[in-house]
Amino acid sequence: MNTFPKNNPFGITKATDFSDNEINEYWVNVNPDYKILNPNELLPKYILGGKGCGKTHLLRYFSYPLQKIRKGNLSRIVNDDKYIGIYSVLDGINSSRFKGKGIDEEQWKSAFEYYFELYISDILLNISKDVFADGISKGYSEKDFVRDISLLFYENVIDINELQSIDDFLGRLSVLRKKIDLEIVNAAFNRTLDIATMRILFSPGDLLFGIPALLSKNIALLQNVQFVYILDEYEKLFEWQKVFVNTLVWEKKQPCTFWIGARKYGYTTTQTKTEEQIKPGSEFQPILLDEIFQGDDVLYKKFAKELYLNRLKKYYLNDLTSEQIEKQFSAKLEKYSEDKIINELQKRYENKEYRHFKDLRTEIREGVTSKLLNEVDNLDLKLEYFISDTDNNPLEQKYKIYLLYKEWANWGTKKSKVFSKVNKLTVDIEAIMDFVNQQYAIYKKEKKGETEFANIEEKYKADFLAQLAYENNIKNTCYSGIDEFINLSWGNPRIFLLTLKLIVEKSDLLGEKPLEEGSVISLEAQYQGVFETAKWFYQDVEIIGDVGKKLYRSLNSLSSVFQIYRFSDKPTDTSVCAFNFGIESISSLAKDYINMAKTHSIIVEVPNRKQKNSGRKEQTYQLHRILAPLWNLPSSRRGIADLDADMINSIFDPQKYDRFEAQYNEMKSRFMAPTFGKKKSNKQRKSKRESGVNNILNLFDEE
């Protein structure tokens, strides 16, 4: 018998909160045959991804402290790995200090470059101590090494005769750095930097490239070893500081190379100090972590399962296989069933009319009043008969009502399967009801085959369940189960782990004791955990100020358009959570905001398509799956909204936001009874159903 301990195995979701040992223990190799990073390659790499993509965990895994945990000593690292990973978080330099305070920008640039090299060299020299401690240096002494480093300086500011060890040398460098720190701190008061203190004693790269060159030249075992500078959080630098790092990458010298880790939005320049551009492919290799996982669902699913099973292995008291752990944990998660929503509705509306039935009656009456429909005698009686064969199943009723709306909207067109038989210009709703009843009877009798309702059930079932949940204020708990959590995270490990963390927490608050044997994690706890993760992702977009507010407005407008497809009377596509548009036809500002949304992973690019008829070049994007629960949208793409330039501009171009409401209302009218885009009388529709859709538009309004 096995039980979980009380603490949450998914409590830590950020690699920065892990110790070196934990980074090593929780490491999951994406694929032994697929090397995302090869530390033995000389070509520098920029490792890019969204927040929570696993970048920091990946980079730290290749750092020297982790190598030492795995191999035990430097000799084995040298023989087995053939590289040394010098890891640094660039945020540790506190780059924001090197700006303003009345100091000339060129002085700040020189001060930053000088300080940067001292900072990274400190990490490298601390690693170098193991070279001599492990006895692999042979005839090259530690004193020889620090003497040679001293010769890299322009002036003999460090007395070579006093230096006996790397620690002695580090002490001198520490003094230099503290003096610079003091100058920076007091710059706001002094409005100047002391020339004597800030005097540059070496050129950029002299230490970063010179120290590894000395080790490689003088120690035989290091001659074929690569020194990899792993610089994380590049996005925290100012633009000119990134240019300096790019210059180091461009000017790298053997045996050194660089891995630069950055959020996608922080990768903003390839410029160097000479104003030349470092070229992807020839001078560095971009590694796009999001695209690797988002482009291969099978690979990511395998990775995610190993990721969460690794956590659980450490929380069982007795050893279990991965298969046993997976089976045991999966069994805890209450399974989603459409019957849950149906049964709740049947219980809630016992001896009462469903909301969708009331709406149908209202639409028909409005259609008659507006002269869009023929008069219907005994409407209530005929509507009762219309749903009498559904056994009070609200989902089955939705199927029938959808087909009725479809024929209503198609009346008078070649798409109508009823109009040609009755030959009337005004919609004959009774004829449509008769047609729907006939088709439903065939469906109930055959159950399988090419029937109208078999097609509706296959394509629209999930959307109509979502409609029932939304219209009746019921939580749509379809976002449940391990596979769905992986699907929602869409290549982002932190989203996946945070979902599990919050689900366990919510389940515990509900008194379910989720980590004890035999417990069940309810659909309610799963829904709450998923919804809270979605809110975190939505609210944690790292864009501040007016631009951030505008991006949120664009996101809310986009989700409102997707809701038209899912919650309308006659959706033309199923499971719409993506959109496409002609690239050439939209404004430059709309393109900028679309690119911003893409860079922050709010939307994800789908491979380009060309319109079959016109050959128009199109761009297709999907709303990030984790955002779907916020608006009760599908998490997996089936249908794609084909939006024209006017709609795209009104969604994404801040200068054209004022056009969105009219565009939205016009679009919605095409999907909703009684007009389906046709003109009607002066009476405007003011149903609760319509206002309900509008209310959700501003559910997360940041204004």
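Which residue forms a salt bridge with Glu326, and how far apart are the closest N and O atoms? The close-up views of this predicted model begin with that pair.

**View 1. Glu326 and Lys305 are joined by a salt bridge between two helices.** The partner of Glu326 is Lys305, and the closest N and O atoms of the two residues are 2.9 Å apart. Glu326 belongs to helix α12 (residues 322-332), whereas Lys305 belongs to helix α11 (residues 297-313), so the salt bridge ties together parts of the chain that are 21 residues apart in sequence. With a relative accessible area of 22%, Glu326 is partly exposed.

**View 2. A salt bridge between Lys273 and Glu113 links distant parts of the chain.** The closest N and O atoms of Lys273 and Glu113 lie 3.0 Å apart. Lys273 is found in the loop between β4 (256-263) and β5 (285-288), while Glu113 sits in helix α5 (residues 105-133), and the two residues are separated by 160 residues. Lys273 is partly exposed at 45% relative accessibility, whereas Glu113, with a relative accessible area of 12%, is buried.

**View 3. Helix α5 is shown with the residues at its ends.** At the N-terminal end, Asp104 acts as a cap, with a side-chain oxygen 3.0 Å from the backbone nitrogen of Glu106. After the helix comes Gly135, whose phi is positive, near 75°. The 29 residues of α5 should span 42 Å at 1.5 Å a residue, and the end C-alpha atoms are 43 Å apart, which agrees with that expectation.

**View 4. Lys340 and Glu334 meet through their side chains in a salt bridge.** The N to O distance in this pair is 3.9 Å, which counts as a salt bridge because the cut-off is 4 Å. Lys340 is partly exposed, at 39% relative accessibility, and Glu334 is also partly exposed, at 28%. Elsewhere, Lys71, Arg76, Asp80 and Asp81 are joined into one network by salt bridges that share partners. For the structure as a whole, the count comes to 44 salt bridges.

**View 5. Two nonpolar cores lie apart from each other.** The largest nonpolar core has 93 residues, and the members that touch the most others are Leu37, Tyr308, Phe329, Phe579, Leu627, Leu643 and Phe652. The other core, which has 70 residues, includes Tyr114, Leu118, Leu170 and Val249.

**View 6. Cys53 and Cys256 are shown as two buried cysteines in a structure with zero disulfides.** Cys53 has a relative accessible area of 5% and is buried, and Cys256 is likewise buried, with a value of 0%. A search of the whole structure for disulfides finds zero.

**View 7. The side chain of Ser150 reaches a backbone oxygen.** Ser150 has its place in helix α6 (residues 142-150), and with 7% relative accessibility it counts as buried. The backbone oxygen in question belongs to Val146, and the side chain of Ser150 reaches that atom at 2.8 Å.

**View 8. Asp91 touches Glu233 and Lys236.** Asp91 is placed in the loop between β2 (83-89) and α5, where this residue is partly exposed, with a relative accessible area of 40%. Although Asp91 and Glu233 are 142 residues apart in sequence, their C-alpha atoms are 6.4 Å apart in space. The contacts of Asp91 with Glu233 and Lys236 are listed without counting residues up to four places away in sequence.

Definitions and conventions:
Residues numbered from 1 in each chain as written. Predicted model: local features only at pLDDT ≥ 70, side-chain atom pairs only at ≥ 80, totals over all residues. Heavy atoms only, no water. Helix = DSSP H or I, 4+ residues; strand = E, 2+ residues; numbered from the N terminus. Buried < 20%, exposed > 50% of the residue type's maximum accessible area, 1.4 Å probe, protein only. Disulfide = S-S within 2.5 Å. Expected span 1.5 Å × (residues − 1). Polar contact = N/O pair within 3.5 Å; in protein donor to acceptor, adjacent residues only side chain to side chain. Core = buried A, V, L, I, M, F, W, Y, C linked by side-chain atoms within 4.5 Å. Contact = heavy atoms within 4.5 Å.
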